[in-house]
Amino acid sequence: MSNCIFCKIVAKQIPSSVVYEDEEFLAFKDIHPAAPVHFLIIPKQHVETLSDTAAEHVPVLGKMLALVPRLAQEQGCGLGKDAEGNVSGGYKTLINTGPDGGQEVYHLHIHVIGGPQPWRGQR
Ligand code: 5GP
Ligand code: ZN
């Protein structure tokens, strides 16, 4: 998609702070972070919204979701235990879909938003 900003990021025509890349996916830091950790995971293939996915996309969706905990851990907001053994860390995982869902960029992406509270969180 020639006019898609995220396709341009995939093509490295627009710079981004890449946190992960493989043949199918790119993850990069959000330009307007809502929290200490805020990155986006996108398929390199252009899919406009979650509602444009079909059965053929199930493997892509599964792999994208499976990347979340791994990259969250690498980016410093993974789930862990504090000194007392209580659950600590964590993140929000968000897919905005369509105008009423607050989607601004029409190339499917998962937001991963985390880091020590407080942060404004919601997008
Ligand atoms: P949406 O509202 O579509 O779910 O989220 C789009 C996100 O993309 C926003 O959080 C916005 O800050 C981010 N974004 C928009 N343009 C760019 C860009 O050129 N580079 C990066 N790194 N993030 C962008
Ligand atoms: Zn695109």
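I take contact to mean heavy atoms within 4.5 Å, and I use the word that way throughout these entries. The model I am reading is a predicted one.

**Entry 1: M64 and its partners**

I began with M64 and set aside its neighbours within four places in sequence, which left contacts with F25, I41, I42, P43, L108, H109 and I110. I then looked up the largest nonpolar core, which holds 18 residues, and found M64 listed with A27, F39, I41, L71 and V112 as the members that touch the most others. The elements giving two or more residues to this core are the strands β1 (18-21), β2 (25-29), β3 (37-43) and β7 (110-114), together with helix α2 (58-75). Which of these elements gives the most to the core? I noted that α2 does, with 6 residues. Another core lies apart from this one, and its 9 residues include F6, C7, V10 and L40.

**Entry 2: the whole chain**

Stepping back, I counted 2 helices and 7 strands in the protein, and reading from the N terminus I wrote their order as α-β-β-β-α-β-β-β-β. The radius of gyration is 15 Å, close to the 14 Å that the globule rule gives for 123 residues, so I recorded the protein as being as compact as a globular protein of that length. The C-alpha trace spans about 50 × 30 × 30 Å along its principal axes. Of the 123 residues, 38% count as buried. When I turned to contacts between residues at least 6 apart in sequence, I found that 51% of them join residues at least 24 apart.

**Entry 3: H109**

H109 had appeared among the contacts of M64, and I went back to place H109 in the loop between β6 (91-94) and β7. Is H109 buried or exposed? Its relative accessibility is 7%, which lies under the 20% cut-off, and H109 therefore counts as buried. Leaving aside the neighbours within four places in sequence, I listed its contacts as F6, L40, I41, I42, M64, L94, I95 and Q103. I also noted the separation of H109 from A27, which is 82 residues in sequence and 9.1 Å in space, C-alpha to C-alpha.

**Entry 4: V10 and the first helix**

V10, one of the residues of the 9-residue core, is found in helix α1. At 18% relative accessibility I still recorded V10 as buried, because the cut-off is under 20%. Beyond its neighbours within four places in sequence, V10 is in contact with L26, I42 and K44. I checked K44 further, and found that V10 and K44 are 34 residues apart in sequence but 6.3 Å apart in space, C-alpha to C-alpha.

**Entry 5: the largest pocket**

I next looked up the largest pocket, whose volume is about 440 Å³. Its lining is made up of 21 residues, and those nearest the centre are F6, D30, I31, L40 and V105. Two elements, α1 (5-10) and β2, give two or more residues to this lining, and the largest share, 3 residues, comes from α1. Sorted by class, the lining has 9 nonpolar, 8 polar and 4 charged residues.

**Entry 6: Q75 and A34**

Q75 has its place in helix α2, and with a relative accessible area of 25% I recorded Q75 as partly exposed. Not counting residues up to four places away in sequence, Q75 touches V19, K29, V37 and F39. The C-alpha atoms of Q75 and V47 are separated by 25 Å, although these residues are 28 apart along the chain.

A34 is found in the loop between β2 and β3, and I noted that A34 counts as buried at 4% relative accessibility. For A34 and G78, 44 residues apart in sequence, I read a C-alpha to C-alpha distance of 17 Å.

**Entry 7: backbone points**

Most residues other than glycine have a negative phi, and most peptide bonds are trans. With that in mind I marked K12, which is not a glycine and yet has a positive phi of about 65°; K12 lies in the loop between α1 and β1. I also marked the cis peptide bond that joins Q117 and P118, with omega about 5°, and placed P118 in the segment after β7.

Key: Residues are numbered from 1 along each chain as its sequence is written. Chains are lettered from A and ligands numbered from 1 in the order in which they are written. This is a predicted model: local features need pLDDT of at least 70, side-chain atom pairs count only at pLDDT 80 or more; totals for chains, interfaces and linings use all residues. Side-chain values use heavy atoms; hydrogens and water are left out. A nonpolar core is a set of buried Ala, Val, Leu, Ile, Met, Phe, Trp, Tyr and Cys residues joined through side-chain atoms within 4.5 Å. Buried means under 20% relative accessible area, exposed over 50%, partly exposed in between (1.4 Å probe, protein chains only). Helices (H or I, at least four residues) and strands (E, at least two) are DSSP runs, numbered from the N terminus. On a 1 Å grid over the protein atoms alone, a cavity is a set of points where a 1.4 Å probe fits but cannot get out, and a pocket is an open set with protein on both sides within 12 Å along at least five of seven lines; lining residues have an atom within 4 Å of a point. Grid points are joined across faces, edges and corners, and a volume is the space filled by probe spheres set on the points. Ala, Val, Leu, Ile, Met, Phe, Trp, Tyr, Cys and Pro count as nonpolar, Asp, Glu, Lys and Arg as charged, and the others, Gly among them, as polar. The radius of gyration is taken over C-alpha atoms; the globule rule is 2.2 Å times the number of residues to the power 0.38.
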